[in-house]
Amino acid sequence: MNRPFMEINCMELNTHAYDDYIGSLFAPQDAALTETIAEMEREGVRMMNVSATEGKLLQVLALTTGARRILEVGTLGGYSGIHLARALPDDGKLITLEIAPHHAEVARRNFERAGVMQKVEIHVGPAAETLRQLASEGGPPFDLVFIDADKSGYVEYLELALPLLREGGLLLGDNTLPDAVLTEEDSGTKRYNAAAAERSELTTVIVPVLRHRGLDGLTVSVKRTRAA
Ligand SMILES: C[S@@+](CC[C@H](N)C(=O)[O-])C[C@H]1O[C@@H](n2cnc3c(N)ncnc32)[C@H](O)[C@@H]1O
């Protein structure tokens with residue numbers, strides 16, 4: 001349905017219409033993604049997943065880095081994870097961290113249905129513990145890290161994940177705009193943005209992200225050498 005440009009643009013920012021436009025062109029939902037949302041609904045999992053268009057943005061960013069190894073903090077039902085896993089080559093790996101066993105179970109079914117489970121490892125437990133464990137194992141570095149779990153942990157996740165990220169890799173933090181700007185109090189995401197701004201090895205910007213009900217932000221950082 002086409003509505004006059006001025007009507008849309010002069011109302012409060014009509015993110016619904018803009019997001020629908022981008023989604024219909026670039027992020028149509030296939031059966032696996034639609035079923036992922038349906039499975040979350042059936043299982044009573046709260047809809048805290050990224051939007052379809054943000055999922056597509058994650059996929060584009062992962063492809064841009066030529067990602068072969070991706071680390072996600074906050075699996076939920078696997079919706080963002082499916083987008084990320086689809087950007088990986090067949091021998092690529094998505095390691096995704098989730099504290100709630102029920103979410104991990106639902107995500108596993110969704111990854112299987114989407115045909116990406118062979119590229120995915122779900123680690124159940126508090127993310128900070130798993131990140132320390134991954135560091136002690138000394139595996140190959142990650143090309144992209146996506147942080148999307150409890151906001152109070154964001155700064156700790158940044159600190160623990162950064163050594164695991166290769167130079168030139170991307171560090172992404174989700175939901176980093178409204179809380180940081182519109183709340184008076186200190187918030188986890190406000191502290192995360194400040195921490196990213198302070199790190200000399202990170203070049204960072206917040207990309208505003210449209211949602212059906214308003215605007216959010218994705219903090220995008222590229223890891224460079226400290227001297228750069
Ligand atoms: C916003 S949801 C993730 C959404 C998901 N990335 C997506 O877009 O489909 C946050 C998830 O982080 C998990 N979580 C919360 N605290 C955590 C922690 N300390 N360690 C690991 N996962 C945690 C929650 O159980 C929830 O499933």
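**Why we call it that: buried residues, contacts and a ligand**

Mentor: Let's start with N175: its relative accessibility is 17%, so this residue counts as buried. The cut-off for buried is under 20%, and 17% falls below it. Please keep in mind that the model is predicted.

Trainee: Where does N175 lie, and what is its phi?

Mentor: N175 is in the loop between β5 and α9. Its phi is positive, about 60 degrees, although N175 is not a glycine.

Trainee: What makes the phi of L76 worth pointing out too?

Mentor: Phi of L76 is near 50 degrees, again a positive value in a residue other than glycine. L76 is in the loop between β1 and α5 (79–86).

Trainee: Is L76 buried or exposed, and how do you know?

Mentor: The relative accessible area of L76 is 10%. Buried means under 20%, so L76 is buried.

Trainee: Let's move on to T176. Why is T176 called buried?

Mentor: T176 has 0% relative accessibility, which is under the 20% cut-off, so it counts as buried. T176 is found in the loop between β5 and α9 (178–182).

Trainee: Which residues touch T176, apart from its sequence neighbours within four places?

Mentor: Among them are Y154, T189, Y192, N193, I206 and D216. T219 is in contact with T176 too.

Trainee: What makes the link between the side chains of T176 and T219 a polar contact?

Mentor: The distance is 2.8 Å, and a pair of N or O atoms has to be within 3.5 Å, one able to donate a hydrogen and the other to accept it. The link between T176 and T219 therefore counts as a polar contact.

Trainee: How do you know that T53 is buried, and where is it?

Mentor: T53 has a relative accessible area of 12%, under the 20% limit, so it is buried. Its place is in helix α4 (residues 52–64). A polar contact of 2.6 Å joins the side chains of T53 and D19.

Trainee: Which residues does T53 touch, not counting those up to four places away in sequence?

Mentor: T53 touches D19, I22, G23, A27 and L210.

Trainee: Now a whole element: why is helix α8 (residues 154–161) called mostly covered?

Mentor: Six of its eight residues are buried, namely Y154, V155, Y157, L158, L160 and A161. Being buried means a relative accessible area under 20%.

Trainee: What covers the buried residues of α8?

Mentor: The cover includes β1 (69–73), α7 (127–137), β4 (142–147), β5 (165–174) and α10 (188–198).

Trainee: Where does the ligand sit, and what decides that?

Mentor: The ligand sits in the largest pocket. To say so, more than half of its atoms must lie within 2 Å of the pocket's grid points.

Trainee: Which residues are closest to the ligand?

Mentor: The ligand is surrounded by 19 residues, and the closest are V50, G74, E98, H103 and D148.

Trainee: What makes the approaches of E98, I99 and H103 to the ligand polar contacts?

Mentor: A polar side-chain atom of E98 is 2.6 Å from a ligand oxygen atom. For H103, an N or O atom of the side chain is 2.8 Å from an oxygen atom of the ligand. For I99, a polar backbone atom is 3.1 Å from a nitrogen atom of the ligand. Each distance is within 3.5 Å, so these pairs meet the cut-off. The protein also covers 90% of the 600 Å² of accessible area that the ligand has on its own.

Conventions: Residues are numbered from 1 along each chain as its sequence is written. This is a predicted model: local features need pLDDT of at least 70, side-chain atom pairs count only at pLDDT 80 or more; totals for chains, interfaces and linings use all residues. Side-chain values use heavy atoms; hydrogens and water are left out. Buried means under 20% relative accessible area, exposed over 50%, partly exposed in between (1.4 Å probe, protein chains only). Helices (H or I, at least four residues) and strands (E, at least two) are DSSP runs, numbered from the N terminus. Contact means heavy atoms within 4.5 Å. A residue is near a molecule or strand if one of its heavy atoms lies within 4 Å of it. Accessible areas come from the Shrake-Rupley method with a 1.4 Å probe; for residues, only the protein chains shown count as cover. On a 1 Å grid over the protein atoms alone, a cavity is a set of points where a 1.4 Å probe fits but cannot get out, and a pocket is an open set with protein on both sides within 12 Å along at least five of seven lines; lining residues have an atom within 4 Å of a point.
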